[in-house]
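Here are a few exercises on helix packing and chain contacts. Try each one yourself, then check the worked solution.

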Amino acid sequence: MNLKIPIISTTIAVTSGLAVLLLYFSPLLIANVDWRTVLLQWATSLGAVALLVGLINLASVHSRRLDDEGPFPVNSLVLMLAMIITFIVVLVFGPTSVGAMFILNYIQIPVETSLIAILAVTLIYASARLVRRKIDTFSIVFLSTGLVILLTTSPLVTDLFPIVGERLQALRAWFTSVPASGGARGILLGIALGTIATGIRILMGADRPYGG
Amino acid sequence: MNFSENSEFLAVLVVAGFFLLIVIFAVLGRTRTTWGLRSIPAFSRLSRAVGLAVEAGSRLHVSIGHGNLTSPGSAASFVGLSMLARIARTASISDQPPIASAGDGALAILAQDTLRAGYREVGAGEDYNPDLGRITGLTPISFAAGAMSIIEEENVSGNILSGHFGMEAALILEANERSGGFSLSGTDHIPTQAIMFTASQEALIGEELYAGGAYLRAGLMHTASLQAQDVVRWILVALILAGGIWKMLQGFF
């Protein structure tokens, strides 16, 4: 039985992948229905079911941690309480009710915004650590480019020292339109080729990220 | 023929060409023992980190991001799953098996499935624990917060980030830095690559991420597809240069 599962899952994955690819190049309209869109909609619906399974998994992990011995998992308690309260509010009053919007606007968004604010400090600290960790050509080019962009973006530098500021701004324009843009295109090409190669491996059944 | 008006024909050509090249390199590679891949220090350090984690009784955390399965960003997560599969095969026999986090329901299920397959392959299927693959949050920031909690609370000595990430990757990497662990990261999102270059000990830039399977010896097809990628890249470089020269010459005459 163990042997059959990979064969079934591989067949389903390869067949549906090939079908979507072929329908992309040659749309099939039967009874005025675009079958590629239909297949993608099925995948989206399955994704929603997977989300529900994921949430159940998240709840089970944290409820088990509450039962475990050792230091009391405060994070798990907060998560479980938040999950239960949100679930009840949305189930009883609806997803666009005052209660649900209150949770979103006054709890979730502020908490996430505060983490984004921490992100700015984190990045500055990480840049300083980069100097300490690896000083090589790439790091120096990376940091000096970042510094030039920051300096020329700040009106303080360009207004206080207009002559230097103008030159720095010209340097920034050159940086962003020539090396940065060229480098980004090169990286994008690499990513695109990698994405195609990964897709083809999956279509060939050589790469099975579904554990088959 | 005007190629710009026949993009679908061009796409078929690229996909078919890629497919053929992969098959050719796979057939040629069956008898080869060495591959002559250029050295990417990040992967050597990863292999070392896996060994050290097993020896030290700590665990590795593989985060496969929050990409959607129906978006192109899923390819980066699939590479993360390939890495997870390789790591699971090596480290699942240890007291502290690897743990995987995702920000998407389908990816979390795939991570569980990959870990289960890893356990089965080393003959320890009964030891598999589904809690090892989990969804940590549904928005990018909540996903990062959940991943940070794993790093801080679950004896993690190394973090591998491979998938679709945004700015929130910096928070996960910062948590790793505080715990003093090893970090390797790669993504398909260009601004995040810059963040990873700064905040991660080892960053995979551009196509290096997609070479993960080949460097971790995930199979012949991974190496063959890497070689196909190289060939197509050189063809594209030649075409871009030829196009530039052609345009320049048109300016002269």
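The exercises below go from a helix pair to the contact between chains and then to a long helix.

This is a predicted model, where local features need pLDDT of at least 70, side-chain atom pairs count only at pLDDT 80 or more, and totals for chains, interfaces and linings use all residues. Residues are numbered from 1 along each chain as its sequence is written, with chains lettered from A and ligands numbered from 1 in the order in which they are written.

**Exercise 1.** Work out how α5(A) and α7(A) are oriented to each other.

*Solution.* Start with the helices, which are DSSP runs (H or I, at least four residues) numbered from the N terminus. α5 (residues 137-153) and α7 (residues 162-177) of chain A have axes that come within 9 Å and cross at roughly 125°. Axes here are lines fitted to C-alpha atoms over the stretch in contact, and angles run from 0 to 180 degrees between N-to-C directions. Next, sort the angle: under 35 degrees is roughly parallel, over 145 roughly antiparallel, 65 to 115 roughly perpendicular, and the rest oblique. α5(A) and α7(A) are therefore oblique to each other.

Then list who touches whom, with contact meaning C-beta atoms, placed from the backbone, within 7 Å. Thr145(A), Val148(A), Ile149(A), Leu151(A) and Thr152(A) of α5(A) face Leu168(A), Gln169(A), Leu171(A), Arg172(A) and Phe175(A) of α7(A).

**Exercise 2.** Find which helix gives the most to the side of chain A that touches chain B.

*Solution.* First, the totals: 48 residues of chain A contact 57 residues of chain B. On the chain A side, α2 (35-67), α4 (98-133) and α8 (179-203) each supply at least two residues. The top contributor is α8(A), with 16 residues.

**Exercise 3.** Describe how α2(A) packs on α4(B).

*Solution.* The axes of α2(A) and α4 (residues 105-121) of chain B are 7 Å apart, at an angle of about 65°. On the α2(A) side, the contact uses Gly47(A), Ala50(A), Leu51(A), Leu52(A), Val53(A), Gly54(A) and Asn57(A). Gly105(B), Ala106(B), Ala108(B) and Ile109(B) do the job for α4(B).

**Exercise 4.** Check the length of α9(B) against its expected span.

*Solution.* The expected span is 1.5 Å times one less than the number of residues. For the 33 residues of α9(B) (220-252) that gives 48 Å, and the end C-alpha atoms are 48 Å apart, so the two agree. As for neighbours, the buried residues (20 or more other C-beta atoms within 10 Å of their own, placed from the backbone) include Met221(B), His222(B) and Leu226(B). The buried residues of α9(B) pack against α8 of chain A, together with α1 (7-29) and α8 (212-215) of chain B.

Conventions: Contact = placed C-beta atoms within 7 Å. Buried ≥ 20, exposed ≤ 12 C-beta atoms within 10 Å, placed from the backbone.
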